[in-house]
Amino acid sequence: MERSTTPALLALAVLTGCGGHLDPQSGVVLDAFGFGWNGFNHRLSHLQVEPDEDAARVAIVGGTSTTSERTDVAGTCDPEACKEYPVPDSSAVELSWSVLQSDTVALVPFSVDLEAGAAGAEQTVTLTLPKGAKGQATALLSGLYWSSDHALSGGEACYVPRLGWHPRRLMLAIGEPTVDGESATVTVSAAFEAGNTFDPERACIDEVNEQAVAAMRIDGLLLVGKDLEVEEHVTDDARSYPFSGDKFNPEEQVPAEPIAVSLGVDAVVAGTSSMDWRFYPEATDGKGAYLRTIGFLADPTGSVGAWATNYSPGTQLEDFAYEVTLTSRFVAADVQPETLSATAELPTQLEMDGSPIVHLIEP
């Protein structure tokens, strides 16, 4: 369901004075990203998508059941409550991104690192504009880094956070930028909440999931230009997929299709500015989700969407439900976009220190 359609909602600052050409500018906007595990559903341990002007760096990990990593349980911990299943899995990845060029619109990349727990975190950054940059401003998502490899908020425990969590909430947001003279400020926020499994073999996770903190990096692109027009659309969706009761033949889960929003601007660029996923939103017991697929998109034609599933014959033991709020920004501006797209089958591999091997995906 679409909640708002307001042309130029983000026209935040109009500066006076005569405008001129800038030095050549370039930047990247992440139009769409999605992945699905080829074998089964899994925890979320690592999600990284970082496109640039030539290729994208991507890494996805879903615990030891995707990496074949064998782990040792500390001597004081119950091995029957801390079980891991070291087998391999691979992921199918799809993404598209736009490389923008302009000599009249300022294109300023930025990155913000956050330690995101259930209470959330935010940071405001100040960006220096190129000389001569004037006009309205907006900001779009360029890339994302999410990792469970962060210390528990309550100190060490039997469970090793690097192995992943079962998401209950995953949120990130790039706020409305403000321009003041030769600089601009933008606030970036994020939150992550892990949930329960209620699996006796995963008791080590359930004992500490309320202490989960995710290490996140949100990459964005600030656009500032005299003739910039921005239209923001907020869309909500909620999906519920029942479970048949038979783990070998669970109910099929058809991913949500994108929807078309009506645009009042001639957009040449579109991107996501925020997304807020809540899994099992009606559950009162803190239930968390295994994921099979997840993705999002925003296209200049007005197509927007977000989807997730946990369908997994052989390992699925429950239903699946989520709510998602997606904020998309559509931009009319004097920029020349080149849209690149790529698909890849990625093996899930680790470095010697346990960090994920990052794959370079070319269009």
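**Cores, cavities and pockets in a predicted model**

Ala-344 lies in strand E19, where helices (H or I, at least four residues) and strands (E, at least two) are DSSP runs numbered from the N terminus. The structure is a predicted model, in which local features need pLDDT of at least 70 and side-chain atom pairs count only at pLDDT 80 or more, whereas totals for chains, interfaces and linings use all residues. Residues are numbered from 1 along each chain as its sequence is written, and side-chain values use heavy atoms, with hydrogens and water left out.

At 18% relative accessibility, Ala-344 counts as buried; the term denotes under 20% relative accessible area, with exposed meaning over 50% and partly exposed in between (1.4 Å probe, protein chains only). Residues up to four places away in sequence being excluded, Ala-344 touches Ser-91, Ala-92, Val-93 and Ile-361, contact being defined as heavy atoms within 4.5 Å. The C-alpha atoms of Ala-344 and Gln-253 are 22 Å apart in space, the two residues being 91 residues apart in sequence.

Strand E19 also takes part in the lining of two voids. On a 1 Å grid over the protein atoms alone, a cavity is a set of points where a 1.4 Å probe fits but cannot get out, while a pocket is an open set with protein on both sides within 12 Å along at least five of seven lines; lining residues have an atom within 4 Å of a point. Grid points are joined across faces, edges and corners, and a volume is the space filled by probe spheres set on the points. The second largest cavity holds about 50 Å³ of space. Its lining consists of Ala-59, Ile-60, Val-61, Ser-91, Leu-346, Pro-347, Thr-348, Gln-349, Pro-356, Ile-357 and His-359. Strand E4 (56-61) and E19 are the elements that give two or more residues to this lining, and E4 gives the most, with three residues. By class, the lining has seven nonpolar, four polar and no charged residues, with Ala, Val, Leu, Ile, Met, Phe, Trp, Tyr, Cys and Pro counted as nonpolar, Asp, Glu, Lys and Arg as charged, and the others, Gly among them, as polar.

The second largest pocket, with about 280 Å³ of space, is likewise served by E19: this strand (336-347), strand E2 (25-37), strand E5 (90-102) and strand E16 (293-298) each supply at least two residues of the lining. Of the 16 lining residues, Gly-34, Val-93, Glu-94, Leu-95 and Trp-307 lie nearest the centre of this pocket. The lining divides into 10 nonpolar, five polar and one charged. For the largest pocket, the space is about 530 Å³. This pocket is lined by 20 residues, and those nearest its centre are Asn-41, Asp-199, Arg-202, Tyr-290 and Thr-315. Five of the lining residues are nonpolar, nine polar and six charged.

A search of the whole structure finds two cavities of 30 Å³ or more. The largest cavity contains about 100 Å³ of space and is lined by Phe-33, Leu-47, Leu-144, Leu-170, Leu-172, Met-275, Trp-277, Ile-294, Gly-295 and Phe-296. Strand E9 (167-174), strand E15 (269-279) and E16 each supply at least two of these residues, the largest share, three residues, coming from E16. Nine residues of this lining are nonpolar, one is polar and none is charged.

Phe-33 and Trp-277 recur in the largest nonpolar core, where they, with Phe-110, Phe-279 and Tyr-322, touch the most other members among 90 residues. Strand E18 (residues 320-332) gives the most to this core, with seven residues. A second, separate core of 13 residues includes Val-29, Leu-221, Leu-223 and Val-269. Such a core is a set of buried Ala, Val, Leu, Ile, Met, Phe, Trp, Tyr and Cys residues joined through side-chain atoms within 4.5 Å. In soluble globular proteins, nonpolar side chains tend to be buried together.

Polar residues are also found at buried positions. Thr-272 lies in strand E15 and is buried at 0% relative accessibility. Apart from neighbours within four places in sequence, Thr-272 is in contact with Leu-140, Leu-141, Phe-296, Ala-298, Leu-326, Thr-327 and Ser-328. Ser-65, found in helix H1 (residues 64-67), is buried with a relative accessible area of 13%. The side chain of Ser-65 reaches the backbone oxygen of Tyr-85 at 3.0 Å.

Technical notes. A polar contact is a pair of N or O atoms within 3.5 Å; within protein, one must be able to donate a hydrogen and the other to accept it, and residues adjacent in sequence count only if both atoms are side-chain atoms.
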